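Colleague: I am new to this structure and would like to learn how to read its features one by one. Could you give me the general idea each time, and then the case at hand?

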Amino acid sequence: MDAVVLALALATLLAVFWPTWRSMVQTWQDSETFRHGFLVPLAFAVLAWRDRARIAAQPRRVEWKALVLLGLAGLAWLAAEVVGVNAVRQYAVVAMVPLLVLLLMGRHVFRALLFPFAFLFFMVPAGEFMLPTMIGWTADFTVWAVRASGVPVFREGTMFTLPSGRWSVVEACSGLRYLVAALPLATLYAYLSFGSNRVRAAFVLLTLVVALAANWLRAWGIVMLGHWSDMKIATGVDHLVYGWLFFGIVMGIVFWIGARWQARTAGPSDPRDPSLRARADAARFAPSQRPAPLVAAALSALLVVGAWPPAADALASGSGEVLDLEQAARHLLAPGTRGDFVPAYTRAAHVATGTVRDAPDVRAWVGQYWDQRNRGEMIGYPNAVVAAESDAWHIVATRVVPLTVAPGQATEFALAAQDGRRLIAWRWHLVDGRVVLDPYRAKVDTALGLLQGRGDESFAVFVWTESDERDPQRPRARLAEAAAALQRALDRPEAAR
C-alpha cells in the first residue's frame, strides 16, 4: 500500500504543477546546453533500482515535520511564480519530490535515497546568469593567449580582430555548456567510484576546473586554426565539432585520473563493497505502515501542494490599470527606426518604436509588459540588449548614467556593428511607475505590485543614437533630452485606460 499511496501522491504533484514541469522539458528541447536533463530522471531511476534491496529494508513511518518543509517549498514556488523566476520555480517543484517521500516514507527511506534525490536537481536548467561573466573570461583568455602566440589582436568588448579576420565570443563559446555537461557527469562518476565524500568533492572540483580551462584552450585553438588556415577551417560547423571532440578527449583524461584515484581510495566503505549488498539482500523487508496515518499524510500533502496554483492565479488576476501606449507615444515618436539596431526583447504586450520627433537623431523602442505570467516576462532570458547569437551588433562597453527627469539611473551601452557603425544606447526599466536599474529589484517590485493589487505593468525603454568620437557628450545630451520626453509621456495619467 505504501508504494501505491506514494505513486498517487507523486502523480498528483506532477499534475498540479504540470506547467512548471513542462517548462523544464521545453528548455531541454530548445537549448543544447541543457539536453542532459532528459537523462537525469533515468539516472535517478537506475540509482534507486541499484539500491532497491537496501531501500526496501528501511523502516517506514510518516514524518509529519516534512509537511512544514513541503509548505515552504510551495511558498517558494508561489513567490517565484509571481515574480517570474523560472529556476526557483523549478527547483521548488523538484524539491517537493524528496519531501513527499520524507513525509510518507520517513527519514530512513529518505536517507537511503539521499544522493539520487540530490542528483534530481540537475533536471533544472539553471546557470544562464553566468553567461556574461563566462563570455568575458573566455574573451580575456583567448585574447591573451593569441597575443602570447605572437599574433596582434585588436579587441572591442567580446569582439576581436586579427590580421586574418574577425572573431567574437558568443554564448556557445562561453564554456557554460562544458560546465553544465561536466558537472552531472563528474558527480555521478564520483558517487559510484569513491567511498569518501572528501575525495568525491575534490574530483568534482577538479573536473569543473579542467572543463573551464579546456574551453579556454579550445577557444584559443579554434582562433589559431582559423588564423593559420586564412579563415578556411574552424569557422563553420567544424567549429562546434572540434569543440565537442576536444571536450570528449578532456573528459576521458579526467575519468582516467579518476580511475587512478579510485584504485588508491577503494576500501571497506566503498559503495561497491559486495558485503554491503549482501547484507541488504539478506535483510527482511520492512513491514507496511498502518493505513490511517499514511492516508492522512497523503491527504494533507494534497491540500498543501494544491493550494499554491490557485493562490498564484488569484494574485495574477488583479491586473490594474495599464497605459495606452499607442496614445502616449503618438505625438512623440515618428514611424521608422532607419532599419538599424533593435533591442532583443520579446513577448511584449505592446511595442512603440520610431524616431523621437523633438530629437530626430535619436531612435526609441518601448516595450510594454503586463499580465506577465501569461503573456511574457520583461526581466528574463532571452531578453537582452543584443541577442546572444547576434552577429550584427556587439556590446563594447557599459556604464551607468543618471536620468534627469525622474529619480533613477539608466545603463549606457556602447554598441559596435560588423560594418563599423557605432551607437550609444540607454536602457532603463519602469516597474510600478518607478525607474529600476537592477533586474532583481525589478522582479521584487513586480511581485509587490501584484501583492498590493496594482498589477504588474512594466516598461522596457531604449533610446539610441550615433556616437561621436570628436564630442562624446553631444550624443549623450541628445539621449538625455529624448529620455526626458519619453519619461513624461509614460507618466501622463490621461494616457491610462
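Modeller: Let us begin with a term that will return often: contact means heavy atoms within 4.5 Å. This is a predicted model, in which local features need pLDDT of at least 70 and side-chain atom pairs count only at pLDDT 80 or more, while totals for chains, interfaces and linings use all residues. Residues are numbered from 1 along each chain as its sequence is written, and side-chain values use heavy atoms, with hydrogens and water left out.

Colleague: With that term in hand, which residues are in contact with Pro 309, leaving aside its neighbours within four places in sequence?

Modeller: They are Val 16, Phe 17, Trp 77 and Arg 373. Pro 309 itself has its place in helix α15, residues 308-317, where helices (H or I, at least four residues) and strands (E, at least two) are DSSP runs, numbered from the N terminus. The C-alpha atoms of Pro 309 and Gly 74 are 9.2 Å apart in space, although the two residues are 235 apart in sequence.

Colleague: Is Pro 309 buried or exposed?

Modeller: Buried means under 20% relative accessible area, exposed over 50%, and partly exposed in between, using a 1.4 Å probe and protein chains only. Pro 309 counts as buried because its relative accessibility is 15%. Gly 258, in helix α12 (residues 237-265), also counts as buried, because its relative accessibility is 0%. Leaving aside neighbours within four places in sequence, Gly 258 is in contact with Tyr 189, Phe 194 and Phe 203; the C-alpha atoms of Gly 258 and Phe 203 are 7.1 Å apart, with their positions 55 residues apart in sequence.

Colleague: How should I read burial and contacts for the chain as a whole?

Modeller: Buried residues make up 48% of the 497 residues in the chain, and its secondary structure comes to 19 helices and eleven strands. Of the contacts with a separation of 6 or more, 72% are between residues 24 or more positions apart.

Colleague: What does the largest nonpolar core contain?

Modeller: A nonpolar core is a set of buried Ala, Val, Leu, Ile, Met, Phe, Trp, Tyr and Cys residues joined through side-chain atoms within 4.5 Å. The largest one here has 69 residues, and those with the most contacts inside it are Leu 13, Phe 17, Trp 21, Met 24, Trp 77, Leu 104 and Leu 120. Helix α6 gives the most to this core, with twelve residues. A second, separate core of 30 residues includes Ala 328, Ala 352, Val 362 and Trp 426.

Colleague: Which residues does Trp 21 touch, not counting residues up to four places away in sequence?

Modeller: Trp 21 touches Leu 13, Leu 14, Val 93, Val 94, Val 97 and Met 123. Another residue that can be read in this way is Val 40, found in helix α3, which is buried with a relative accessible area of 2% and, leaving aside neighbours within four places in sequence, is in contact with Phe 119, Leu 120, Phe 122 and Met 123.

Colleague: How is empty space found, and what lines the second largest pocket?

Modeller: Rolling a probe the size of a water molecule over the atoms shows where empty space is left. On a 1 Å grid over the protein atoms alone, where a 1.4 Å probe fits, a pocket is an open set of points with protein on both sides within 12 Å along at least five of seven lines, and lining residues have an atom within 4 Å of a point. The second largest pocket has a volume of about 810 Å³, and of the 31 residues that line it, the closest to its centre are Leu 6, Leu 10, Phe 44, Val 101 and Leu 113. Helix α1 gives the most to this lining, with seven residues.

Colleague: How many residues of that lining are nonpolar, polar and charged?

Modeller: Ala, Val, Leu, Ile, Met, Phe, Trp, Tyr, Cys and Pro count as nonpolar, Asp, Glu, Lys and Arg as charged, and the others, Gly among them, as polar. The lining of the second largest pocket divides into 28 nonpolar, no polar and three charged residues.

Colleague: What is there to read in the phi of Asp 371?

Modeller: Most residues other than glycine have a negative phi. Asp 371 has a positive phi of about 45° although it is not a glycine, and it lies in the loop between β6 (363-369) and α17 (372-375). Asp 432 has a positive phi of about 55° and lies in the loop between β9 (422-431) and β10 (434-436).

How values were computed. Points joined across faces, edges and corners; volume = space filled by probe spheres on them.
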